[in-house]
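Student: I should like a close look at a single helix, with attention to the sides it presents. Please set out the criteria as you proceed.

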Amino acid sequence: MIRGALTTACSLMAGLFLLPSPAAVVEIIEIEKRDWSFDGIFGSFDRTAQQRGYQIYNEACSGCHGLRLLTYRNLAALGYSEDDIKAFATDFDVTDGPDDEGEMYQRNALPSDHFVSPFPNTQASRAANNGALPPDLSLIVKARKNGADYIYALLTSYGDAPDDEELPDGMYYNAVFPGHQIAMPPPLYDDTIEYSDGTLATVDQMASDVTTFLAWAASPEMEARKRLGLKAMLFLLVLTALLAAVKHKVWSRLN
Amino acid sequence: MITSKSAHPVVKWIDERLPVFTFLNRELRDYPTPRNLNYWWSFGSIAGVVLVVMTLTGIMLAMQYTAHMDYAFDSVERIMRDVNYGWLLRYLHMNGGSMFFIVVYIHLFRGIYFGSYKSPREILWALGVVILLLMMATAFMGYVLPWGQMSFWGATVITNLFSAIPLVGDSIVNWLWGGYSIANPTLTRFYALHYLFPFLIFVVVALHLVALHMVKSNNPLGVDAKEPQDTIPFHPYYTAKDFFGFGVFFLVYLGFVFFAPDFFGEPDNYIPANPLATPPHIVPEWYFLPFYAILRVVPDIEVFGFILVEAKLAGVILMFGSILVLFFLPWLDSSKVRSARFRPIFKQFFWIFLADCLLLGWVGANPPEGSFVVLGRIGTAFYFAYFIIIIPLVARFEKPLPLPSSVVSSVLNEKKGERS
């Protein structure tokens, strides 16, 4: 019975994907292209923006969003010292064990631990967030079309819903979110965070900083990749020019 | 027994017992090659290089990857973040897949344009189509391994195709999955087969090369190389030419790897697989898009209001048919003239056919709605009409241009033309 139902469900599902369906209206939302410090073949992450972005993540995002693929020691890439990183990690508790008695125990996080997520599992996360699931942010910049531009746009496009659109309870209007209804309340407000480096904390500034931080979190290898890439391309250009010369020389014998 | 020509006593001793040196000399050095091959002919050896790069990076990735639905996604991210140069291996492999298809598609269209499938190269051509099919299966299974959203849902759509087969379809799908849904058994078997298939590709590539060396290379003129002056030894002429081609190829390939590694990828595949959340648009990798378009635009085939073949089954048949028809190309095209250079009508249809394939790719990237369905149906109809109607008719009624008497005469004439 169950087997039959499952296979029928699967075929139906496949049928839905495979058959031309009546045209659904899919709104295309233009995302504005911005200039980022990490754009282009010479681009690198702006360290101060990254550090400010990390502060924003801690103070405005980390209550709901995890960053589970990063370890605390990865923060060395932002220019933090070993002691700074130890201090960041100590604020979090992780379950370890079993110890010699066979018991699990709580200890402070170490630099080698992964970022501690705000909720132990998705059920706890949904229960605390009105049924919505705040996604982990480790790869968010790579996992969305238009990457960093989209994340920035999302954080800065909250507003009042047009009169003809009714928002259900607990939903917010966001001009760039697909469908315009998002469960995440506006996370950033002017001057609600005091930057440790004295930068004026406007929503634009905070959105730009946290996006830079998240772009690094998604592609921590980017700077090393581009550096190695430049060397590799330079080497290949010379090698290919030499190979072209060899080819020319060898073939000139045929005349 | 072979009498080795080598002067070196050790080489001679080995060669007379196992003729590797004689073999290499004959097939890689002296191997007579038409003197007029252009750079389109470099893509065969470039494809070989990509196969080797894919195998090496793939083996090294396999040492770090975990084929389990709970760990696969994170193990790939571990490779990206914690394994020394893991990001390089992974991006080389990921972009290498796209490069492999670009190179092989160029190789294939070169074969069509210059009539390389015609007698006596039918088996050489058929082996090439077998390689393409194996590559597609390998690429499809490889894309499932990172266990992202597109991995999961792409696998769902493609494996479900088999449910279109009458009577046994559903059983086949369960058999492929190793269960009643795509889950861990599916992932582990795809991993095992993804590791196996490249070695099958190596075997068929070896046969492809044996067949090539039996009948020798075609050339842009499509006339047989007859006189000794028509050919030059493979080494140093074509080794030099191919190596320059490798240099240019790696500039492009590594350009993507280092500076735009996610250019060919779908952002959704950086979201871990979730059987409960369907992405709004499920699209395969770009190299499958034309076939995906054919699959999705076919309507129910009706006769007097009675559904003869359901749309889904018809789509599956046409999708597989679009590749299988390539096997018959040598017999569909009865024109004795190989190269499109001397076939004015064929040449025009070739470019329309190429444009049609690109059109189908564009349709495949879009949801099958509205005008895309119409475009897709026109594109699909033309795709099959090209092989089944146009090519046989053109072969029959086209008046080809006069062929040059030999390769060398044409080459020397061209040189004279350049000088005057």
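Tutor: On one side of helix 14 of chain B, B:Gln348, B:Trp351, B:Ala355 and B:Leu358 are exposed, where exposed stands for 12 or fewer other C-beta atoms within 10 Å of a residue's own, buried for 20 or more, and partly exposed for values in between, with C-beta atoms placed from the backbone. This is a predicted model, in which local features need pLDDT of at least 70 and side-chain atom pairs count only at pLDDT 80 or more, while totals for chains, interfaces and linings use all residues. Residues are numbered from 1 along each chain as its sequence is written, and chains are lettered from A and ligands numbered from 1 in the order in which they are written.

Helix 14 of chain B covers residues 344-364, 21 in number; helices here are DSSP runs (H or I, at least four residues) numbered from the N terminus. From first C-alpha to last the helix reaches 31 Å, close to the 30 Å expected at 1.5 Å a residue, the expectation being 1.5 Å times one less than the number of residues.

The buried residues of helix 14 of chain B are B:Phe346, B:Phe349, B:Phe353, B:Asp356, B:Leu360, B:Val363 and B:Gly364. Viewed down the helix axis, these fall within an arc of 90°, so they line one face of the helix; the arc is that of the directions from the axis to the C-beta atoms. The buried residues pack against helix 11 and helix 15 (371-397) of chain B, contact requiring C-beta atoms, placed from the backbone, within 7 Å.

Helix 11 (289-297) of chain B is also among the elements that give two or more residues to the side of chain B that touches chain A. On that side, helix 10 of chain B gives the most, with 14 residues.

Terms used. Contact = placed C-beta atoms within 7 Å.
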